Amino acid sequence: MLRSKQRIVLVEDNPGDAFLAWERLTEAHQATVQVDVVPTLAETLALLALGPVDAIVLDLSLPDSHGLDTLRRVREAAGHAPIIVVTGHVDVALRTEALAAGAEEIYDKSDTNSCLFSRSVLYVVERNRARMQHSRLQVLLDTLPDAIVIADGEGTVRFANPAALSLFGHTEAGMLGEHIDFSVSGSDAVELSIRQGMQIHHCEMRVVPIEWEGQAARLASVRTLPGSPQAKQLPTQRPEALEQEHRVEHAARLKNEILASMSLQIRAQMHAVSGLSDLLDRTGLDPLQSCYIHNLQRANDSLLSALDELPESADSGVTSASTALAPQDLNSVLMALSARRTQQDGRQAAA
């Protein structure tokens, strides 16, 4: 239930100190602040039992309680209301113990006479209210069937509800702190697909700017839809996956560069073979030798044609087939030519 005023309980048994604190808390905020003054722990606990309050300003020394035990008992009854401790003397040890026991802030009583005291108390009230709103929002997001992911301005995931952990296949510890790039802006719906194992979930995502834990952030709501052919992949790869993809791309580029270099070297040798074949063809070979030379030229031209297609066919696997067949054809021709010359030399020697 919303209240028109901030309700603050001032627990102070000294009338003079109580009046000074009450005056500081109300002098500039009478329209928005209601201060109830109680002098004992028993009355404080009875008042807190009647309903919630926005803050408690607590003196640790009361007629029926003293020291940090006062703070602990009020903390048990205060619910989510912040407690601001005031005491006669504040040292490091007392501050540490009071904060550990549940105090939001601790002040020396002399500070309550400062105009800054009321501002500090109201700041604590507003900070606690924002914290409670944040907690209620998180509970709401946890119960939604849609996947909810919240990332800060750097793209680091700060919150993911159970539906998001299920959709993306992560644990909470594994997803918080990861980097995510929504790659969209505005509240328009964007279709996407998310792969989870062998399944592909077709989804609709909306991204809106919000404030999360006091910082600017973006909230992505992802709703599963029936399959859509227009769906596109959500770029939410983990850094390890992105690095692996870059390594694969780099290896593919190196492969193409190596193949291109090999192609140039082999092409140069093939042109030399072609020139030698032309030269031999003009030296008056017999018909059988000319036939072998022409076969050599055809095999050479076939290999050069395959090399010319090497850059375009490297990714499709055609290169490996072409380079596997052409050298075999060429070798068979060269071996046949060599065998023929050996036979001719043998016949001439016998004659």
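Contact here means heavy atoms within 4.5 Å. In this predicted model, Leu58 offers a good place to start: leaving aside residues up to four places away in sequence, Leu58 touches Val11, Thr70, Leu71, Val74, Ile83, Ile84, Val85 and Val86.

Leu58 also belongs to a wider picture. The largest nonpolar core comprises 23 residues, and Leu58 is listed with Ile56, Leu71 and Ile83 as those having the most contacts inside it. Several elements build this core: at least two residues come from each of β1, α2, β3, α3, β6 (83–87) and α4 (92–100). A second core, separate from this one, holds 18 residues, among them Ala151, Ile180, Ile194 and Cys203.

Helix α2 deserves a look of its own. Within this helix, which spans residues 41–49, the buried residues are Leu41, Thr44, Leu47 and Leu48. These four lie on the same side of α2 because they cover an arc of only 125° around the axis. The cover over the buried residues of α2 includes the strands β1 (6–11), β2 (33–38), β3 (55–59), β4 (61–62) and β5 (65–66), together with helix α3 (68–77).

Turning to the surface, Phe19, Leu20, Trp22 and Val37 make a nonpolar patch of about 340 Å². Helix α1 (residues 15–26) gives the most to this patch, supplying 3 residues. Leu20 is located in α1, and with a relative accessible area of 31% this leucine counts as partly exposed, since that term covers values between the 20% limit for buried and the 50% limit for exposed residues.

Technical notes. Residues are numbered from 1 along each chain as its sequence is written. This is a predicted model: local features need pLDDT of at least 70, side-chain atom pairs count only at pLDDT 80 or more; totals for chains, interfaces and linings use all residues. Side-chain values use heavy atoms; hydrogens and water are left out. Buried means under 20% relative accessible area, exposed over 50%, partly exposed in between (1.4 Å probe, protein chains only). The arc is that of the directions from the helix axis to the C-beta atoms. A nonpolar core is a set of buried Ala, Val, Leu, Ile, Met, Phe, Trp, Tyr and Cys residues joined through side-chain atoms within 4.5 Å. Patches are made of residues with over 30% relative accessible area and no salt bridge: like charges are joined within 9 Å, nonpolar side chains (Val, Leu, Ile, Met, Phe, Trp, Tyr) within 5 Å. Accessible areas come from the Shrake-Rupley method with a 1.4 Å probe; for residues, only the protein chains shown count as cover. A salt bridge is a side-chain nitrogen of Lys or Arg within 4 Å of a carboxyl oxygen of Asp or Glu.
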